[in-house]
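User: Hey, can you walk me through this one? I'm new to reading structures.
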Amino acid sequence: MENVYLNKLASLKSPVKNNNWNNKKRILKAKFTSLTDADLRFDDGNKNAMLSKVQVRLGMTKDELSSLLASL
């Protein structure tokens, strides 16, 4: 299940997907005011760390976060 989660997020590398991430980031910040720009900074090498930080901040499991991101 974790591989599916990581594969979905690995596709965010292209410019179109990065723009998509910017849109998702904007929506997440509006929906969850506890999230900061630093929490949602997307660096290719630190993707897992960023996702783990968001998970903890929101009190979600990986599956819950994956579902949330997919629904945006």
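Analyst: Sure, we'll go through some helices and then some charged pairs. Keep in mind that this is a predicted model.

User: Okay, helix 4 first. Which residues are buried there?
Analyst: Helix 4 runs over residues 62–71, and its buried residues are L65, S66, L68 and L69. They sit on the same side of helix 4, because they cover an arc of only 160° around the axis.

User: And what's exposed on the other side of helix 4?
Analyst: That would be A70 and S71, both exposed.

User: How do helix 3 and helix 4 pack?
Analyst: People describe two packed helices by the angle between their axes and the distance between the axes. Here, helix 3 (residues 47–58) packs against helix 4 at an angle of about 100°, and the axes are 10 Å apart. That angle makes helix 3 roughly perpendicular to helix 4, since anything from 65 to 115 degrees counts that way.

User: Which residues meet there?
Analyst: From helix 3 you have L51, V54, Q55 and L58, and they meet K62, L65, L68 and L69 from helix 4. Sorted by class, that contact has 6 nonpolar residues, 1 polar and 1 charged. L65, L68 and L69 also belong to the buried set in helix 4.

User: New topic: how many salt bridges are there?
Analyst: The count comes to 2 salt bridges. The general idea is that side chains of opposite charge can pair when their charged atoms come close.

User: Which residue does D37 pair with?
Analyst: D37 forms a salt bridge with K29, and their closest N and O atoms are 2.6 Å apart. D37 is partly exposed, with a relative accessible area of 46%. K29 is partly exposed too, at 31%.

User: What about R57, what does its side chain meet?
Analyst: The R57 side chain meets D39 in a salt bridge, 3.1 Å from N to O. R57 lies in helix 3, while D39 is in the loop between helix 2 (15–31) and helix 3, so the pair ties together parts that are 18 residues apart in sequence.

User: Is D39 buried or exposed?
Analyst: D39 counts as buried, because its relative accessibility is 3% and the cut-off for buried is under 20%. R57 is partly exposed, with a relative accessible area of 43%.

User: Last one: where's K25?
Analyst: K25 is in helix 2. K25 counts as partly exposed, at 21% relative accessibility. The C-alpha atoms of K25 and F42 are separated by 9.5 Å, with the two residues 17 apart along the chain.

Technical notes: Residues numbered from 1 in each chain as written. Predicted model: local features only at pLDDT ≥ 70, side-chain atom pairs only at ≥ 80, totals over all residues. Heavy atoms only, no water. Buried < 20%, exposed > 50% of the residue type's maximum accessible area, 1.4 Å probe, protein only. Helix = DSSP H or I, 4+ residues; strand = E, 2+ residues; numbered from the N terminus. Arc of directions from axis to C-beta. Axes fitted to C-alpha atoms, helices over the stretch in contact; angles between N-to-C directions. Parallel < 35°, antiparallel > 145°, perpendicular 65-115°, else oblique. Contact = heavy atoms within 4.5 Å. Nonpolar A, V, L, I, M, F, W, Y, C, P; charged D, E, K, R; others polar. Salt bridge = Lys/Arg side-chain N within 4 Å of Asp/Glu carboxyl O.
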